[in-house]
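Let's take a friendly walk through this model, from a single side chain out to the whole chain. Have the viewer open as you read.

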Amino acid sequence: MINKNSINDRIVVLNDDITKVEDTLKSLERQRIEAVGLLNALKGAKQQCQSFLKEINNDEPDASDSGDVDK
């Protein structure tokens, strides 16, 4: 049978569950922020590597760079 005490007990259980879910959401949000930061760092590292490759490729003379002056 439903009575005031059983409803109050249920409210206590629900409050505990709400707190647990809120804590889980906070933890997941922290993990998301950390993951976004890591993703940005990885993309920055990739961009830097691509920049290094471009510099290396530009240092090597191309066959078309033999000169534009007529002899």
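I7 sits in helix 1 of what is a predicted model. Its relative accessibility is 44%, so I7 counts as partly exposed, between the 20% limit for buried and the 50% limit for exposed. Together with I2 and I11, I7 forms a nonpolar patch of about 300 Å² on the surface.

The helix that carries I7 runs over residues 4-59. Helix 1 holds 56 residues and spans 82 Å from its first C-alpha to its last, close to the 82 Å expected at 1.5 Å a residue. At its N-terminal end, N3 acts as the cap: a side-chain oxygen of N3 lies 3.0 Å from the backbone nitrogen of N5.

Which side chains meet in a salt bridge? R32 and E29 do, with 3.0 Å from N to O. The protein has 1 salt bridge by count. R32 and E29 are about one helical turn apart, because 3 residues separate them in helix 1. An α-helix has 3.6 residues a turn, so residues three or four places apart point the same way. Here is how the two partners are exposed:

| Residue | Relative accessible area | Class |
|---|---|---|
| R32 | 46% | partly exposed |
| E29 | 37% | partly exposed |

Now for the chain as a whole. The protein contains 1 helix and 0 strands. Of its 71 residues, 0% are buried. Its accessible surface comes to about 7000 Å², and carbon and sulfur atoms account for 57% of that area.

Notes:
Residues are numbered from 1 along each chain as its sequence is written. This is a predicted model: local features need pLDDT of at least 70, side-chain atom pairs count only at pLDDT 80 or more; totals for chains, interfaces and linings use all residues. Side-chain values use heavy atoms; hydrogens and water are left out. Helices (H or I, at least four residues) and strands (E, at least two) are DSSP runs, numbered from the N terminus. The expected span of a helix is 1.5 Å times one less than its number of residues. A polar contact is a pair of N or O atoms within 3.5 Å; within protein, one must be able to donate a hydrogen and the other to accept it, and residues adjacent in sequence count only if both atoms are side-chain atoms. Buried means under 20% relative accessible area, exposed over 50%, partly exposed in between (1.4 Å probe, protein chains only). Accessible areas come from the Shrake-Rupley method with a 1.4 Å probe; for residues, only the protein chains shown count as cover. Patches are made of residues with over 30% relative accessible area and no salt bridge: like charges are joined within 9 Å, nonpolar side chains (Val, Leu, Ile, Met, Phe, Trp, Tyr) within 5 Å. A salt bridge is a side-chain nitrogen of Lys or Arg within 4 Å of a carboxyl oxygen of Asp or Glu.
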